[in-house]
Structures are given as structure tokens and as C-alpha cells.
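Please open the model in a viewer and keep the sequence panel visible. The tour below proceeds from the whole chain to individual sheets and side chains.

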Amino acid sequence: MKNRSVIAVLVFILSIILYVQCFGQENREWKGKIEEENNIKIMHNPEGSIYGQIKLDLSEDLRIGKENDENYFMYRIRGMDVDAEGNIYVVDMSNQRVQVFDPTGAYLKTIGRQGQGPGEFEQPTKIRINRWNGMICVKNQVIAIDLFNKQAEYIKSIKLSHAIWDFIPVLDYMFYVILTRTSDEELKRVNVL
């Protein structure tokens, strides 16, 4: 119970800091005007942006891929995460797998395959790496979170009776989960906060 309180306070403080960073630093005023003609409001925007010239400079940071190597062919990427060593995990939904690449983009391994058995996927869509223990958590079949250890060995699957919208691992086997609907009994049974 104490851990929940500490986490709730930290989330609240981080939310305030984020709000101040995004909205509280500058007081910008819209310089346009609103006129009304024949009971219709017309907004006239100024020529320039209130934020000045917006310039977007893109540069390639990392390229992942090799021609003629199926380990790099992905279809319908639905999620990505990075572990403590900088390895990149990519959910390849249509190929029913998670592809793992090192920080330079070189292929390391594949987690899972299509199927209904332990460690197999049916439409994986999200992945989260547990920052506390390195566990790999994959949302699978809309209602399950499949757990793998750091070596990508299957541990277990947590199945719920309702669809999982999103989830965040906290501590060892506990998660914050956004569900479409649920009951208190189900939440207690599967260690969901």
C-alpha cells in the first residue's frame, strides 16, 4: 500500500512539472481578430505564427534493415521499446513476433511466433520492458499480457476477461492497466493496479 502512495505522489509531481514545461513558460497572445458579418463569426489570423518561423530539421539517427534478410522484413509495426542496454524491441503484428535489434540496428533475435501455445502470439500489439527487472511484456490477443525474462524465455501469460487498452509494468509482476471494463475481483486476481 505504501508503494502505491509513493507512486501516486510521484506521478502527480511529474504531471505538474510536465504541465508547467508545456504550458506555463511563455505567455503568447493571439494577434488575430474576430468580426461578425450577417450573424456569422469570421476569424482573421495574422500573417505570421505567434511562435515565429517553425523549422523542422530531420536527420537519420538509425537505420534498421537489410535487403534479402527476413529478420528485417516487418509488416504492421504496432509497438516499440528499448531495454536498459539500448536493445530495440519491435512488435511485428502481422508476422506474429517481436524482433530484437542491438543499439546499432543489427538483428539479435526473434521472440515468439504465430500460435496459441506458451510464448506464441495472436496479434501482438504493444510491448513494454519492465524497468525494474528487465522482463519483456507483450500485449497479445487483446486480453493477455505475455511475460518473458531478459533472455526472451517465456514465463507466463496474464489473461483478463476484458480488452486491454494499454498497460505499464510497475515493480515485478504488477501493472497499471487501462481496460475497457472489469471488476474488482479480476483486478485483485491478476495483480493489476
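**The chain as a whole**

Begin with a cartoon of the full protein chain, which has 2 helices and 12 strands; helices (H or I, at least four residues) and strands (E, at least two) are DSSP runs, numbered from the N terminus. The order along the sequence is α-β-β-β-β-β-β-β-β-β-β-β-β-α. The model is predicted: local features need pLDDT of at least 70, side-chain atom pairs count only at pLDDT 80 or more, and totals for chains, interfaces and linings use all residues. Residues are numbered from 1 along each chain as its sequence is written, and side-chain values use heavy atoms, with hydrogens and water left out.

Next, switch to a surface representation. The accessible surface of the protein chain is about 13800 Å², and carbon and sulfur atoms hold 52% of it; such areas come from the Shrake-Rupley method with a 1.4 Å probe, and for residues only the protein chains shown count as cover. Of the 193 residues, 28% count as buried, where buried means under 20% relative accessible area, exposed over 50%, and partly exposed in between (1.4 Å probe, protein chains only). Among contacts (heavy atoms within 4.5 Å) with a separation of 6 or more, 32% come from residues 24 or more positions apart.

**The sheet of strands 3 to 6**

Select residues 77-82 and 107-111, which are strand 3 and strand 6. They belong to an open sheet of 4 strands with the order 3-4-5-6 and antiparallel pairing; two strands pair if DSSP finds at least two bridges between them. Strand 3 and strand 6 are the edge strands of this sheet, each pairing on one side only. On average, neighbouring strands are turned by 20° against each other, direction ignored; the axes are lines fitted to C-alpha atoms, for helices over the stretch in contact, and angles run from 0 to 180 degrees between N-to-C directions.

Now add strand 4 (residues 88-92) and strand 5 (residues 97-101), which run antiparallel and are joined by 5 bridges. Within this pairing, V91 has V98 of strand 5 as its bridge partner. V98 also stands opposite I111 in strand 6, and strand 5 pairs with strand 6 over 4 bridges in the antiparallel sense. Follow the hairpin between these two strands: 5 residues separate them, and G105 in the turn has a positive phi of about 95°.

**Aromatic rings**

Display the side chains of Y72, F101 and Y107, which ring pairs link into a cluster. Rings of Phe, Tyr and Trp (its six-membered ring) pair if their centres lie within 6.5 Å; planes under 30 degrees apart count as stacked, over 60 as edge-to-face and the rest as tilted. By this rule there are 5 aromatic pairs. One of them joins F101 and Y107 edge-to-face, at 6.3 Å centre to centre and 70° between the planes. Which of these two counts as buried, and which as partly exposed? F101 is buried because its relative accessibility is 0%, whereas Y107 is partly exposed, at 26%.

**The sheet of strands 7 to 10**

Move to the open sheet of 4 strands with the order 7-8-9-10, again with antiparallel pairing. Strand 7 (126-129) and strand 10 (154-159) each have a single partner strand, so one side of each is left without a neighbour in the sheet. Select strand 8 (residues 136-140), which pairs with strand 7 in the antiparallel sense over 4 bridges. Here I127 stands opposite V138.

Finally, select R128 and F167. R128 lies over the face of F167, 5.6 Å from the ring centre; the criterion is NZ of Lys or CZ of Arg within 6 Å of the ring centre and within 35 degrees of the ring normal.
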